[in-house]
Every structure is written in structure tokens, then in C-alpha cells.
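This briefing concerns ligand and metal sites in a single model. Please consult the sequence and coordinates shown here alongside the text.

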Amino acid sequence: MTRAAAPAVARVAVPVPLPRLFDYLAPAGQSLPPAGSRVLVPFGRRRVVGLVMDQGHADPAAGHTLKPIERVLDPGLIAAGQLELIDWCARYYAFAPGEAVNLLLPGALRRVRAFRAPAPAGVALTEAGRDAELSRAPRQAELRERLLEGPLERDKLLADTGAGSDVLRRMERQGLVRGVELEQLPAARPGPELNAEQRAAVAAVLRRRRRFAPMLLAGVTGSGKTEVYLAAARRILDMNRQVLILAPEIGLTPQLVRRIEARLGEAAWLYHSDLSEGERLATWQAARAGRARVVVATRSGVFLPLPDPGLIIVDEEHDSSFKQAEGARYHGRDVAVLRARLAGVPILLGSATPSLESLHNVERDRYELLELPRRAGAARQPRWRILDQRGSPAGLDAGLIEAMQRHLDEGGQVLLYRNRRGYAPVLMCSECGWQADCQRCDAHLTFHRAGKNLQCHHCGSQRPQPPRCPECASPGLIALGAGTERLEEAVRERFPDVPVHRVDRDAMGGKHDFERLLEQVRGGEPCILVGTQMLAKGHHLPGVTLAAVLDVDQALFSADFRAPERLGQTVAQVAGRAGRGDRAGEFLLLTRHPEHPLLEALGRGDYRSYAWALLEERVQAQLPPASALALLRAEAHEAAAARDFLRAASGRLAGRGIDVIGPLPAIMSRRGGYWRFQLWLQAESRAALVNRISACLPALHDMDSARRARWHFDVDPLEL
Ligand code: ADP
Ligand code: ZN
Ligand code: ZN
């Protein structure tokens, strides 16, 4: 008996966390849709949107009955190059192939029910509308009147005429008006004349414009990196090719976008998580059609369809927000480099504080180094000072107060950085020593005075502020240490006549609050800014002449091998906020450990030599980027369940060229009620590590203990 030929099937990525694709037959009476097609398929009792990754033949041993694809929604929607990119990422980062759906399609195209795109922002009069007899519809006549001069923004039109949107919808239904996209082409404004180093960097990019060439643009803060990006981008646009600019979450401020548009004379299409689904869809479609020639995006934009990319730029390439912490744990910068390689285009990674990964690639001649050693224009690097806080009482340091007063008197603005929101990181009983801890995490609760509550910054749980100690009933509860809220209070007391602005997630309701504040601060009046990370990055505040980092000491003694790198980056970035205008800047670092070798190195004010020294240490210790590291993390309500799974997994993962260490508790060993453990997988060769993980993955899923814990791989992890 001959075996019947196995039926032809489409291999479909389905958005579920299982380590495989699923086979489907062609829809009834149709041929198999090609790879890249968006399809609707039955899955269990649901219907889901999937992507055809490949065609093949069903495994005759599979045993289950094959179902047909219900409907082909968009044949060949995703280009082969994009499928190749995702394939590589799924293998390298060991994520479920179904994540392809989430990464390659915007939310609107992942919905089973067709997404109704919102009406375009503009309205225009049709021929019929121009001639219509509207004497019995005065409101419609009024709208027409306004539209006779040309298309208008929908909201503006309604606001101007006071008409309700139902009137407009009625006219639309009757064909009197129609939606149009209002192209607002910004007028191009020339930038400053580039200096010699900037010109050399632009020339380097253009020389390599037709091939893969990764370049690290290392320039001190304010050295004019953005002007280099824009000058290079302008030339690539002139060749009629697309430019993709990736920036950290926090970097996509309207200010940067306006500057890009003004310099390029081109609309910048945005892609980030604060946009509505409709806006994201619009950018996605414009990018795919080649209409969007400049796309400015956060990490997820690295997967946007671009038919003709000519240059990829990654701004602030060291920023950890490029790494996705959930689901598909990819690093946007590293995927961007791969994408540039697949597309054969140059990629420019820019930072004032490059990651050790990128410096390592420079050292091994994989990346070309382009340097901007000086601040552009008239601005100079700020003067550095370390303030020894040993012996000085809690609260504002006397040396700091003196410096603040001096800068304010001279009309400058002051920026104080403290990476801790809330009033105090610890609430303690002065009688019995009780401390307010989170019941679900291995962490203290932060006292928030404004909200009169205790909050866990790790799992989000909250409790009202207790009136007395829950252990001994003493009313003597004291707040230890200072977060931004307390710092703000202390600063207001000491400088009652100066405006004080706190910048953190609690104080800033939304992006708009923050933008408005930044605008106000750029007005230049003396003021004091107190803030977290939100304040440290990227913002150009020319009036700030004094910047200070308060309390870095925790980072000096962290168990995380990346802590010194992050410390150096934060310190250099905060220092970089001072003296960006025409007045000289000063930078202060407050510590109780001024003799610490890391601070001595940092105190010289030279991030680069500090970073090279750290890299040397990593090489000595065989830590990344000198070796490849992946974590297998597991968490469970019972510590034993997580540990047992990792022990069993460890046996399978160990092999030639791979060191498996653990199970070890995570640095935060308990979070959100889960006990957290991990295996360290280390190898000299990245390929060996990745191959080993992907070879073991199916077997791990099949282990009994795998079902008793939540687990995932994190390749090139940033958090331990
Ligand atoms: P970075 O991106 O390195 O922080 P920017 O490109 O934002 O630096 O430049 C910092 C400031 O210096 C901006 O106000 C910019 O307009 C200005 N600038 C940049 N290049 C020059 C130049 N060649 N001449 C004069 N000013 C410049
Ligand atoms: Zn007590
Ligand atoms: Zn918690």
C-alpha cells in the first residue's frame, strides 16, 4: 500500500506562547496563501489572526485533523525580508514563533473583528457638496461656507462653527464632504554649519550608503550628534530612500520631532505606544507603502515594513528601554543592526555614553567609531566636583546649598537628580525597629506623603499610611531617607522664593504636563528642578547651569555587574544637562564614599576612559560583552517548584562550551508573590549558546516540572 501524499499546508504563526507554528489547509476551494499572508484561523474554540510564515507538508505522524484557514485577510502582506528578520529573532531570543504576529502587525491588524480606521483628520468639500441646495439645512450650509476656501482639520472645523460631529457625519453620508489627510509639510530650515568632526561623521555615513556598515557615533552631551543624524538623513532622503530613527521611550518628545521635521522638511511619522491604534496603523501603512519617508519610533518600530530603507539611526543606543522586558525579549538596538545587515544599509548608533557592548564591537573592529569630542557651538563641558557627605547630617548638604544659591543668584537654573520617587524609601518604628515591607516582594514599601500611603514600586500594591506601628502600637513612625517628594519639600523650605518643579511619574500626570513644564523652563527664569530618570535624559535645557546627582551610593555596592556602567551613564547624562547654553556649567556628585575607585574614575569627568576601564574588567571576568550570557528564569508561588524546574533544565542545557550556573535566587528573590530563581548560561560563543537553547526548548516544554512554574529565557539580559 502506498502512503497518501501528506497534504500541503500553511505554517501559521498564532499569537500564543507555544514553541511552534501551526499547520492549516488552504481555505475551501482556494490555493494556499503565500508566506507573509495575514489569515483568520480557527484555534481551539477561538478564531485568531495569524501570519503564514511558510508553506510545507503536514507531518503524517501528527495525528490530529487539519483544519482549513477560515479566510485570507491580506495575501502576502509581510515581505520575505521581514519574515527572515523575525525568524532569526525568535531563534536568537528563544521566544515563541507566535510572537511574530505581535511584532510584525500593529494592534489594529491583529483584531479578529475588522478594525474601523478612524476618520482622517481633515475634511474637504466634494463637487456635490459645492452645488448642493442647503437652504433648509443651515448648519450644513455653515460648514460648507467654512470649507469653500479649502480642506480643514475636522476638530477645527467643528470648533469654529460650533456644529456637532453628527452634522458632519450626515454630510459625509450624503457625499457632500469627504475625509482627507492634511499633509502639513513643514518648511525646511537649514541647521547650523557643521564643524569639522560633524562633517567627517556625515561623510563617513555617506561613503557607506549602499552597504551594511555599523557605526558608533560617540559624542559628549551637546556635541551635535542630532545634527549629524539629520544631515546624513537629509542626503539619504535625497536618494529617495527611507530613514528610520529609533529613540528611547522617553526621547520622543514633540521638541525632537519638530526639530527633525524642520531640518528635513519632511513629515516625521511616529510609531510608539502612546499613540492610538489608528495612528499606529496609519504609520504602519504609510511606511509599508513607502509614503512615510522618515519614521521616528521606539523599539517596536524596528519591525516596521520599509520597502526601501536607506539609513537606520539609533539615538541613545545605550538606553535600556530598547530592551523589551516581557514576551519577546529582544533588544531593539541589536535587532536594528541585524536589520541593517539584511537590508544592506548603514546604521548609526549614537550616544554620549555608549554601551560597553558597542565599545566592545568598536574594539573588535566590528563597528566604526565616529567621535565628536567637543560640545558644539559656544557651550563647554561643565566643571565637576565630588561633595563628600560623610559627617554631614541628613537633608540638604551645605555645600550643595551654597552652590545652588550661587547659581540662582547668577540667574541660572538648578537640576537635582534623585532616582527615587515618593517621600521616603523606608518607614520605620523608632520603638521596636519594625519596617514597612511589601508582603509580596522582597522589598520595603515607599512612603508617599501626598497620597498618605505606602506603595510597593515593584508589584504596585498599596496600603494606607498606618497611624501607629502595627507591631508595638507606638505612634513613633519615622521616615528614613529621601525620595523626590521629600527633596522637593526640603528645597522649598530652603528656597521659598524660587519656583520648584518636581519631575517624576507621580507629579507629572501625562506627557503633556511634562512638555508644558519643559517649555516653561526653557523660558529661562531661575528655578529648581527636582526629578528622577525622567529629567536626566536627552532634554535640552539651556538655562540649567548647575546639575547634581544626589546619593549614588547604592549603585556602588550593587550585586548587578552592570550597575557601574549604568551609574557612569546616569552621572554623565545628568552632568550633561548643565551648561548647554552660553553660560558655564557646574556638576556635583554627592556621596558618602568619595574614596570609592569608581567615583575617582568618574570624578575625572571622562565617561569614555571610565567605560574602557569597566570593559577591561568585564573581559577579565569573562562577563558580557566578552562572553555570551542568557538567563533561564523561573518563578512560582512555591520556591521549590521554580527550583525543581531549573534543576531539571540545567541537566539538559549543560553541554560542551556552555557553563550552567544555578539555580540561583534572582537579585530580588521574591516579587508579586512569586519566588524567583534563575540559571546562568554562559558561553564564549554566542552561536553555541543560542543553538543549545533552541535545541533544548521543545524538551523543556515537555518536562512535567515545566508546568509548575512560569519560566522564560532572557538572552543578553539587562536585569539579573
Ligand atoms: P546632541 O545630540 O549631541 O546632544 P545636538 O545636536 O542636540 O547635540 O546639539 C546641541 C546644541 O548645539 C543644539 O542646540 C544644536 O542646535 C547646537 N549645534 C549642534 N551643532 C552645531 C554646530 N555645528 N554649530 C553650532 N551649534 C550647533
Ligand atoms: Zn514598633
Ligand atoms: Zn511588592
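The points below cover the conventions, two zinc sites and one ligand site.

This is a predicted model, in which local features need pLDDT of at least 70, side-chain atom pairs count only at pLDDT 80 or more, and totals for chains, interfaces and linings use all residues. Residues are numbered from 1 along each chain as its sequence is written, chains are lettered from A and ligands numbered from 1 in the order in which they are written, and side-chain values use heavy atoms, with hydrogens and water left out.

**Zinc ion (ligand 3)**

- Cys438, Cys441, Cys456 and Cys459 each supply an SG donor to the zinc ion (ligand 3), at 2.2 to 2.3 Å; donors are N, O and S atoms within 2.8 Å of the metal (3.2 Å for Na, K and Ca), and water is not among the atoms, so sites may look incomplete.
- The arrangement around the zinc ion (ligand 3) is tetrahedral because its four donor atoms subtend angles of 106 to 113 degrees; four donors count as tetrahedral if all angles lie between 85 and 135 degrees.
- Ideal angles for four tetrahedral donors are 109.5 degrees.
- Along the chain, the donors of the zinc ion (ligand 3) have the spacing C-x2-C-x14-C-x2-C.
- Distant parts of the chain are linked by the pair Cys441, in the loop between strand E18 (426-429) and strand E19 (446-448), and Cys459, in the loop between strand E20 (453-455) and strand E21 (462-464), 18 residues apart; strands are DSSP runs of at least two residues and helices of at least four, numbered from the N terminus.
- Cys441 is buried at 5% relative accessible area, whereas Cys459 is partly exposed at 24%; buried means under 20%, exposed over 50%, and partly exposed in between (1.4 Å probe, protein chains only).

**Zinc ion (ligand 2)**

- The SG atoms of Cys429, Cys432, Cys469 and Cys472 coordinate the zinc ion (ligand 2) at 2.3 to 2.4 Å.
- This site is also tetrahedral, with angles of 105 to 114 degrees among the four donor atoms.
- The donor spacing for the zinc ion (ligand 2) is C-x2-C-x36-C-x2-C.
- Cys469 is buried at 2% relative accessibility, while Cys472 is partly exposed at 34%.

**Ligand 1**

- Ligand 1 is surrounded by 16 residues, the closest being Glu193, Gln198, Lys225, Thr226 and Arg259; a residue is included if one of its heavy atoms lies within 4 Å.
- Helix H8 (residues 225-238) contributes three residues, the largest share of the shell around ligand 1.
- A side-chain N or O atom of Lys225 lies 2.8 Å from an oxygen atom of ligand 1.

Definitions and conventions. Tetrahedral: all angles 85-135°; square planar, octahedral: opposite > 155°, others 65-115°. Polar contact = N/O pair within 3.5 Å; in protein donor to acceptor, adjacent residues only side chain to side chain.
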